[in-house]
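Good morning, colleagues. Please take a moment to look at the sequence and the structure on the screen before I begin.

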Amino acid sequence: EGALISPLFHSTCGGYTEAAGDYWQNNVPALQPVPCYWDMGSPKYLSEVFFTKEKLAKKLEVSQEELATLAITNTSHTGRVMEVSCGEKTWKGSAFRSLLGLNSTAFSWLSTKDGYLFTMQGFGHGVGLCQHGANGFAQEGATYQQILEHYYTGITITSLSDYLAKQKTSPAV
């Protein structure tokens, strides 16, 4: 609608970008989820990290016994974690990711007798342009316009001079 967008980007989406409103609080029309077929070559496409029960309980500030209640309680429609609970505590997926230093909110875990193995897909918040995906898309011959229009939903690309000229002729809001 003639307004500038915040062209957010991240390293590796892991196959699907995320909606801004699902990662943060504000929904942004240009920052909606889109499939990404080109980031599988990223070194961060899949990763794992292991926490002993003692270390995980300490990071989460819960008892080791409470770890048995660790659960994903809400996901976005792209499958990224939006909420995690353990005992009486609840975290937004992005806060849980930060607390544990996970590569993304596209994660799951496996509980073992020794601890928890977290598996992550992607690297970064996942909102907007996927850098490894954009690179792969470009290597297939996509233009910068095709890349930007793919990752930023519903945008129109215009020159800065055209944008500024339109702003001068538009009535003040």
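What share of the 173 residues in the protein chain is buried? The figure is 39%. I should say at once that this is a predicted model, and that the values I shall quote were computed from it.

Let me turn to the overall fold. The protein chain contains six helices and eight strands. Read from the N terminus, the order of the elements is β-α-β-α-β-β-β-α-β-β-β-α-α-α. Taken along the principal axes, the C-alpha atoms fill a box of roughly 65 × 40 × 20 Å. If we take the contacts between residues at least 6 apart in sequence, 59% of them join residues that are at least 24 apart.

Next, the surface and the charges. The accessible surface of the chain is about 9900 Å², and carbon and sulfur atoms account for 54% of that area. Of the charged side chains, 12 are positive and 15 are negative. The centres of these two sets lie 6 Å apart.

I now come to the spaces within the model. How many cavities of 30 Å³ or more does a search of the whole structure find? The search finds one, and about 50 Å³ of space lies in that cavity. Its lining includes the charged residues Glu18, Asp22, Arg80 and Lys92. Tyr23, Val81, Met82, Gly93, Ser94 and Thr105 are also among the lining residues. At least two lining residues come from each of helix 1 (20-23), strand 4 (81-86) and helix 3 (93-100).

The largest pocket is a separate topic. Its volume is about 740 Å³. The pocket is lined by 22 residues, and those closest to its centre are Ala3, Leu4, Ile5, Ile155 and Thr156. Which helix gives the largest share of this lining? That is helix 6 (residues 160-169), with four residues.

Finally, I would like to consider a single residue, Ala142. This alanine sits in the loop between helix 4 (131-139) and helix 5 (144-151). Is Ala142 buried or exposed? Its relative accessible area is 15%, and the cut-off for a buried residue is under 20%, so Ala142 counts as buried. Leaving aside residues up to four places away in sequence, Ala142 touches Phe137 and Ile147.

To close, I would ask you to keep two places in view: the cavity with Glu18 and Lys92 in its lining, and the loop that holds Ala142. Thank you for your attention.

Methods: Residues numbered from 1 in each chain as written. Predicted model: local features only at pLDDT ≥ 70, side-chain atom pairs only at ≥ 80, totals over all residues. Heavy atoms only, no water. Buried < 20%, exposed > 50% of the residue type's maximum accessible area, 1.4 Å probe, protein only. Contact = heavy atoms within 4.5 Å. Areas by Shrake-Rupley, 256 points an atom, 1.4 Å probe, with all protein chains shown as cover. Charge placed at Lys NZ, Arg CZ, Asp CG, Glu CD. 1 Å grid on protein atoms, 1.4 Å probe; cavity = no way out; pocket = protein on both sides within 12 Å on 5 of 7 lines; lining within 4 Å. Points joined across faces, edges and corners; volume = space filled by probe spheres on them.
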